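Q: Please take a close look at one part of this structure and describe its surroundings in a connected way.

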Amino acid sequence: MKIETKQREDGLIEVHSPGVGLFRRAVNKGGLIGAGQRFGGLELLSQVTPLVLPKGVGGVVVSVEAHRRRPVGYRSVLFVLDPEGTAAASTSQDAQSAAA
């Protein structure tokens, strides 16, 4: 299933559902997600299809629009990413690792 994304005027990126089914979310608000990373699954007729972020897309999850185990429609917004937040999140994680 092809994941579609859309960059909004404010620079944030919407990640859309590739079909209908129950969304099984694997990301949380504030989490960092990168290209090629699995962010959840779409369940339809007891079959779960893994959902992977497309190449060239990544960032910090700023809002989650679809909730766990809730029905979603084709092209429903699943969550919103801040691509500029990637560097800030990495720097913050590096600082936390260094402090430990």
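A: Ser 17 is buried, since its relative accessible area of 3% lies under the 20% limit used for that term. In this predicted model, Ser 17 sits in the loop between strand 2 and strand 3 (21-25), and its side chain reaches the backbone oxygen of Gly 19 at 2.5 Å. Leaving aside residues up to four places away in sequence, Ser 17 touches Leu 42 and Leu 78, together with Val 72, Gly 73, Tyr 74, Arg 75 and Ser 76.

The strand that leads into this loop is strand 2 (residues 13-16), from which Ile 13 and Val 15 point one way while Glu 14 and His 16 point the other way, and all of these residues are buried. Strand 2 pairs with strand 1 (residues 4-7) in the antiparallel sense over four bridges, and within that pairing Val 15 of strand 2 is the bridge partner of Thr 5. The hairpin formed by strand 1 and strand 2 has five residues between the strands, and Gly 11 in this hairpin takes a positive phi near 95 degrees.

Strand 2 is also joined by four bridges to strand 9 (residues 77-82), and these two strands run antiparallel; here the bridge partner of Val 15 is Phe 79 in strand 9. Val 15 thus has a bridge partner in strand 9, namely Phe 79, as well as being the bridge partner of Thr 5, and Leu 78, one of the residues that Ser 17 touches, falls within the range 77-82 of strand 9.

Definitions and conventions
Residues are numbered from 1 along each chain as its sequence is written. This is a predicted model: local features need pLDDT of at least 70, side-chain atom pairs count only at pLDDT 80 or more; totals for chains, interfaces and linings use all residues. Side-chain values use heavy atoms; hydrogens and water are left out. Buried means under 20% relative accessible area, exposed over 50%, partly exposed in between (1.4 Å probe, protein chains only). Two strands pair if DSSP finds at least two bridges between them. A polar contact is a pair of N or O atoms within 3.5 Å; within protein, one must be able to donate a hydrogen and the other to accept it, and residues adjacent in sequence count only if both atoms are side-chain atoms. Contact means heavy atoms within 4.5 Å.
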